[in-house]
Amino acid sequence: MSLDTQLPDDGVHVASAISDEVVIELASVNKWFGEFHVLKDINLSVNKGERIVICGPSGSGKSTMIRCINRLEEHQAGDIIVNGTEMGTNIKNIDAIRRNVGMVFQQFNLFPHLTVLENCTLAPIWVKNMPKAEAEKIAMQYLERVKIPEQAAKYPGQLSGGQQQRVAIARSLCMSPTIMLFDEPTSALDPEMISEVLDVMVGLAESGMTMLVVTHEMGFAKRVADRVIFMDQGEIVEQNTPDEFFTNPKSDRTKLFLSQILAH
Amino acid sequence: MSAVDKAVPRRDARSISEIVNDERFRSIFYQIIVAVAVIWTAQYLITNTAENLQARGMSTGFEFLSSTAGFSIAWSIIDYEAGDTYFHVYLVGIANTLIVSFFAIIATTLLGFVVGVMRLSSNFVVAQIASAYVEVMRNVPLLLHILFWFTLSSALPSPKQSLGWLDSFFLNNRGLYVPAPVPGDGFDIVIIMVLIGIAVAYGVTVWATKRQMATGQRFPAFWTGVGLVVGLPLLAFFALGAPLTFDYPALKGFNFQGGADVPRAFCALLFALVLYHTVFMAEAVRAGILSVSHGQTEASYSLGLKPSWTLRLVVIPQAMRAVVPPMISNWMNVVKNSSLAIAIGYPDLVAVFMQTSLNQSGHAIEIVAMVMLFYMTVSLTISAALNYYNKLVQIKER
Ligand SMILES: Nc1ncnc2c1ncn2[C@@H]1O[C@H](COP(=O)(O)OP(=O)(O)OP(=O)(O)O)[C@@H](O)[C@H]1O
Ligand SMILES: [Mg+2]
């Protein structure tokens with residue numbers, strides 16, 4: 001059974017590097033958009049080095065949940081603690097959390113008026129008060145890691161989608177985050193570009209990064225995830241190791257969802 | 001190689017239909033036709049006009065510019081007397097047009113920013129007020145705006161019952177009377193200090209940017225600059241014993257004497273131009289901000305950039321690309337539309353030169369050409385600046 005054509009389904013799993021330290025804690029988190037109850041009593045605890053894949057039908061609240069972790073969305077009830085810092089209305093806390101949490105978006109969201117290199121150095125220069133030369137050196141290291149150092153002087157509009165998404169990953173990494181959030185990083189890409197992005201993400205997993213990835217790339221989940229979370233209608237319905245999740249789903253909703261993405 | 005060899009003999013033997021259907025031949029042919037038509041039309045118009053003018057005994061040429069105009073002008077920002085030449089009248093007209101345009105452009109730009117941002121406000125009442133403003137102002141012709149404010153201002157009280165403020169500003173049905181600054185000895189040093197302040201502030205900004213890039217340390221360059229530009233002249237001003245006095249307007253007989261007077265027509269024209277053209281600036285600002293997707297802000301936040309830096313480093317640079325072109329064409333329209341001043345007797349270029357001077361001297365062609373030259377120079381200068389800006393900020397794409 002191959003759910004995914006992008007990564008070889010060879011049963012290889014990137015070695016886990018989970019420590020005891022809890023880095024993200026969501027306790028009874030609730031959120032409403034007006035009348036609409038989008039997150040219902042979410043409880044989730046993520047350890048350092050853990051890699052979590054989140055899946056579920058469209059509109060189930062996956063994006064909203066991970067966006068609460070760096071305050072792109074505000075939750076209305078419950079507690080979110082990231083790296084020991086409590087998420088609230090305190091601006092200093094929000095800044096501290098955002099400095100430590102990188103995010104990669106479906107639409108890349110590179111800054112079109114800046115070159116690839118400037119995209120990567122902007123935040124280190126302004127947020128970390130890093131000298132430009134040092135920021136550029138670090139940026140080049142990450143651009144090499146995502147295999148596009150030769151594009152440094154170009155503008156995002158001159159790159160392919162896959163290249164843009166790899167720049168976006170490098171841009172986040174330049175802030176040396178301890179946690180990376182991915183919101184459907186390959187959904188806006190042409191099939192032939194998906195694997196180049198997934199390869200970079202697998203490499204990141206191998207380096208021990210804590211990752212929360214919203215994706216329907218099940219091959220990636222099998223290879224990398226320590227835990228797969230299934231969400232539906234604002235709830236975490238089921239969570240398990242990838243093996244158990246795919247071969248032995250417990251709830252009917254999970255079974256239905258898996259049969260639907262299998263059918264594709 | 002062989003394809004070329006074969007093609008050569010064929011070329012020599014091109015048939016008429018091959019030439020006529022050739023893309024390059026057609027393009028050159030049409031260009032020649034258009035050029036001939038333009039030259040012939042221009043030639044016809046010029047000779048025809050010259051003959052007609054001669055037949056009526058009207059002279060052509062620019063000698064009239066050095067002769068005395070002999071009429072008075074209601075108000076002028078530069079010195080003028082009835083004995084001055086027509087060329088001086090031209091300059092008076094240009095100055096009067098530029099002064100009203102200058103204030104209108106500044107006010108329009110600032111107010112436009114405010115209204116544009118208000119329209120995007122999440123506060124319902126604020127957004128609705130701004131929308132209502134835009135809809136009402138945009139849908140009334142500019143000439144009507146001008147006539148409306150001019151008529152309304154005639155209902156102001158007479159000089160004796162002037163609306164006064166601080167005993168120095170007076171508004172009545174003749175115009176606005178304000179204190180006139182009278183620079184004393186050494187005031188030019190204060191002016192020089194302003195220039196020095198600007199230069200030093202610029203230097204500090206460049207230095208601060210360089211240092212930040214080299215060491216990562218930041219320096220409050222903006223506030224230091226403000227301090228320099230404001231502080232240096234202020235220091236000099238008080239060190240020199242405040243060498244500036246004001247000549248206050250005072251009621252003498254039926255009207256005010258002293259101070260500086262701004263005629264009612266100027267106020268009405270300025271008001272109308274600002275209220276009308278603010279709409280276009282506001283729309284440009286709104287479109288500019290909307291053109292930057294929310295994803296840009298989110299990406300910036302997720303990198304840890306504060307909202308103020310996000311605005312300055314990410315949103316504004318992108319929004320300006322969309323704001324600047326319509327903003328500058330709005331400025332050009334302000335300058336051109338100020339010529340509607342003629343409707344309420346404000347002595348702008350068109351009023352003093354194309355009306356009074358033309359009627360008196362009869363040099364229609366020359367005068368119209370000179371007026372056109374002025375408006376074209378202003379427009380072309382502004383659009384050259386715009387083209388330069390566009391080149392600078394063009395987003396590079398595949
Ligand atoms: N700003 C908003 N205002 C109102 N409703 C919203 C907003 N953002 C999201 N929603 C709604 O909240 C629900 C959850 O959205 P969310 O984007 O988290 O879903 P998702 O699981 O990420 O779906 P997808 O797979 O389509 O990305 C959806 O029904 C969506 O319409
Ligand atoms: Mg989503």
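Is A:D252 buried or exposed? Exercise 1 works this out, after two notes on conventions. This is a predicted model, in which local features need pLDDT of at least 70 and side-chain atom pairs count only at pLDDT 80 or more, while totals for chains, interfaces and linings use all residues. Residues are numbered from 1 along each chain as its sequence is written, chains are lettered from A and ligands numbered from 1 in the order in which they are written, and side-chain values use heavy atoms, with hydrogens and water left out.

**Exercise 1. Classify A:D252 and describe its salt bridge.**

Step 1: Recall the classes: buried means under 20% relative accessible area, exposed over 50%, and partly exposed in between (1.4 Å probe, protein chains only).
Step 2: A:D252 has a relative accessible area of 61%, so this residue is exposed.
Step 3: The side chain of A:D252 forms a salt bridge with that of A:K255, at 3.9 Å from N to O. Such a bridge needs a side-chain nitrogen of Lys or Arg within 4 Å of a carboxyl oxygen of Asp or Glu.
Step 4: The two residues are separated by about one helical turn because they are three residues apart in helix α9 (residues 252-263) of chain A. Helices (H or I, at least four residues) and strands (E, at least two) are DSSP runs, numbered from the N terminus.
Step 5: A:K255, at 41%, is partly exposed.

**Exercise 2. Describe two further salt bridges of chain A, then place them in the whole.**

Step 1: A:R227 and A:E50 pair at 2.9 Å, N to O.
Step 2: A:R227 sits in strand β9 (residues 227-232) and A:E50 in the loop between β2 (36-47) and β3 (51-55), so the pair links distant parts of the chain, 177 residues apart.
Step 3: Both A:R227 and A:E50 are buried.
Step 4: A:E74 and A:R71 pair at 4.0 Å, N to O. Here A:E74 is partly exposed at 46%, whereas A:R71 counts as buried at 12%.
Step 5: Over all chains, the structure holds 13 salt bridges. In chain B, a network of them links B:R119, B:E135, B:R138, B:E283 and B:R286.

**Exercise 3. Find the largest nonpolar core and follow one of its residues.**

Step 1: A nonpolar core is a set of buried Ala, Val, Leu, Ile, Met, Phe, Trp, Tyr and Cys residues joined through side-chain atoms within 4.5 Å.
Step 2: The largest one has 53 residues, and B:L269 and B:F266 are among those with the most contacts inside it.
Step 3: Helix α9 of chain B gives the most to this core, with 11 residues.
Step 4: Beyond its neighbours within four places in sequence, B:L269 is in contact (heavy atoms within 4.5 Å) with residues including B:V100, B:I146 and B:Y346.
Step 5: A second, separate core has 50 residues, A:V213 and A:I261 among them.

**Exercise 4. Locate the nonpolar surface patch of chain B.**

Step 1: Patches use residues with over 30% relative accessible area and no salt bridge; like charges are joined within 9 Å, nonpolar side chains (Val, Leu, Ile, Met, Phe, Trp, Tyr) within 5 Å.
Step 2: B:I16, B:I19, B:V20, B:F25, B:F29, B:Y30 and B:I33 form this patch, with about 650 Å² of accessible area together (Shrake-Rupley method, 1.4 Å probe; for residues, only the protein chains shown count as cover).
Step 3: Helix α3 of chain B supplies the largest share, four residues.
Step 4: B:I19 lies in helix α2 and, at 31% relative accessibility, counts as partly exposed.
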